[in-house]
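Subject: Structure handover

Hello,

Here is the structure for you to look through. My notes on it follow below.

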Amino acid sequence: MTKRGTKVLSHERFARVRQPDATVRELSAVREIAHALAHADRPDEVFQFALDRTSALIGASFASVYLVEGVSELMRLVAASNWPERHRPWLSEMRVRLGFGPSGEAAAERRIIEVPDVQADGGLEDWAEVGRELGFRSLVALPLQDARSALGAVTFYFAEPGVPAPERRQLMRLVADQMAAAAVRSQLVADLRRTAAALSEARDEIEALMQPRASHPLDETGMVEAVVSALGPAVSAAATAARSLRVGGAVGEGEHRAVTRPLEQAQGMLDDWQETFALRSGARAAGTDVVSPRELALAATGLADEWAGGAGVSVKLIPGDIAPIPTDRRKITRLLATLLLFAETRAPAEPVTLAIVADDGGGTVHFQVRDSGPDLGREQVEGLFDPLAPARVMGRHRINLALLRAMAAHLGGTLVAAALPGQGLQMTCSLPSTTRS
């Protein structure tokens, strides 16, 4: 007898009422797993989380994830959930050969392998003993794959015989697909890391090639060819991997920057050197505008602010009263803006001084950019214009002083640096005030 208003539910009716709650839990778990796999700095490290969440929902006793090792026929265990305690010490040594056993077959044949009862399957006599030892009767192995190849497998082991309900099978497939995507991204990241190491080796090779050798010196043409030969293939490989990484899906921001920054630096280095040598050889044409030095200084200050990403560069301008000069407006503006950024990086808390003066004869205009940063020795000042010195980075802008010196020469002028003991550093770009024939 029951109280008034109380309903008695049959087991079947109770299951139907509870089902929406279970579905909500499963969808919540899928979202959590997808987010973790997509945004982890190292996707393989969250396989454990995915296994634990999924195993609890589908009632698996334990589970494991295997990934193919390089180009070998072996898969290594990368994650294991709730394995029997006495077997855990050997998990790191576990390897599964493609095509052998349920996990190996699932990976090699790229299909789901279900074993309803290892004790009753005549083709798995060896697994019957393993099942008794580990305490499972049935299992489901799902392939991890992309469009081109097998990546590995995820396998769930159950204490009772039988096959999973359709909704449980669907959940396992969703998780396997997410793991596969994470494995692809993880492999692409590994490829990029190897490429980054290759870029570092290429830089060492370039430095060796650029060292003065009396017996076999390199002219500028040979220098460019050596740079392109040593660095070009590595940059190209990294660019391909980076594009694949973006296509493959999102990775953690920190990891993305870690693996793509060497590419950006190397590509920028290559572009800078090529531009430098092109300017020196006269392969680039300079435009001619007649423009006020004060206008150039104001334009350069605005551009430096823009490059600084809104942070602003504090500039004390001493413009002088100087007539317009013939020069390439765009190039000199970029040159001066870069010098302002360079000065700001040396003394971020102090204003940069930009003074414009003319020599006594009036044939040359000097743009003097002065900072109040730390003192530099003579060798350090000379090294500022070394084409092999790493370019400084501020926001999205690279500061390569060797390129700036080549640009100044291209405009018929000079760029020199002078240490001011106790007062900082002064960079002076000197340009002709009249057109030279």
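I start with one pair of residues: L67 has R76 as its bridge partner in β2. Please keep in mind throughout that this is a predicted model. The pair belongs to β1 and β2 (residues 74-81), which run antiparallel to each other and are joined by six bridges.

Those two strands are part of an open sheet of six strands, in the order β3-β2-β1-β6-β5-β4, with antiparallel pairing. The edges are taken by β3 (95-97) and β4 (113-115); each has a single partner strand, so one side of each has no neighbour in the sheet. From one strand to the next, the twist averages 25°. Helix α3 (residues 101-109) packs on this sheet and touches β1, β2, β3, β4, β5 (138-145) and β6 (150-158). The direction of α3 makes about 30° with that of β5.

Between α3 and β4 there is a loop, and I112 is found in it. Is I112 buried, partly exposed or exposed? Its relative accessible area is 25%, and buried would need under 20%, so I112 counts as partly exposed. Leaving aside residues up to four places away in sequence, I112 touches V140, A141, L142, P143 and R173. I112 and R169 are 57 residues apart in sequence, while their C-alpha atoms are 9.9 Å apart in space.

Next is helix α4 (residues 125-134), where A128, G131 and L134 are buried. Why do these residues lie on the same side of α4? They cover an arc of only 140° around the axis, which puts them on one and the same side of the helix. As a general point, an α-helix has 3.6 residues a turn, so residues three or four places apart point the same way. The buried residues of α4 pack against β1 (62-68). On the other side of α4, the exposed residues are E125, D126, E129 and R132. Just after α4 comes G135, with a positive phi of about 90°.

Further along the chain, helix α8 (residues 293-307) packs with helix α9 (residues 329-346) at an angle of about 55°, and their axes are 8 Å apart. At that angle α8 is oblique to α9. The crossing of α8 past α9 is right-handed. On the α8 side the contact is made by E295, L296, A299, A300, T301, L303, A304 and W307. On the α9 side it is made by R329, I332, T333, R334, L336, A337, T338, L340 and L341.

There is also a hairpin, formed by β14 and β15 with three residues between them. Strand β14 (residues 414-420) pairs with strand β15 (residues 424-432) in the antiparallel sense over seven bridges. Within this pairing, A417 has M427 of β15 as its bridge partner. In the turn, G422 has a positive phi of about 80°.

Finally, some totals for the chain. Its secondary structure comes to eleven helices and 15 strands. Of the 437 residues in the chain, 45% are buried. Among contacts with a separation of 6 or more, 67% are between residues 24 or more positions apart.

Regards

Definitions and conventions. Residues numbered from 1 in each chain as written. Predicted model: local features only at pLDDT ≥ 70, side-chain atom pairs only at ≥ 80, totals over all residues. Heavy atoms only, no water. Pairing = 2+ DSSP bridges. Helix = DSSP H or I, 4+ residues; strand = E, 2+ residues; numbered from the N terminus. Buried < 20%, exposed > 50% of the residue type's maximum accessible area, 1.4 Å probe, protein only. Arc of directions from axis to C-beta. Contact = heavy atoms within 4.5 Å. Axes fitted to C-alpha atoms, helices over the stretch in contact; angles between N-to-C directions. Parallel < 35°, antiparallel > 145°, perpendicular 65-115°, else oblique. Left-handed = near helix turned anticlockwise from the far one by under 90°.
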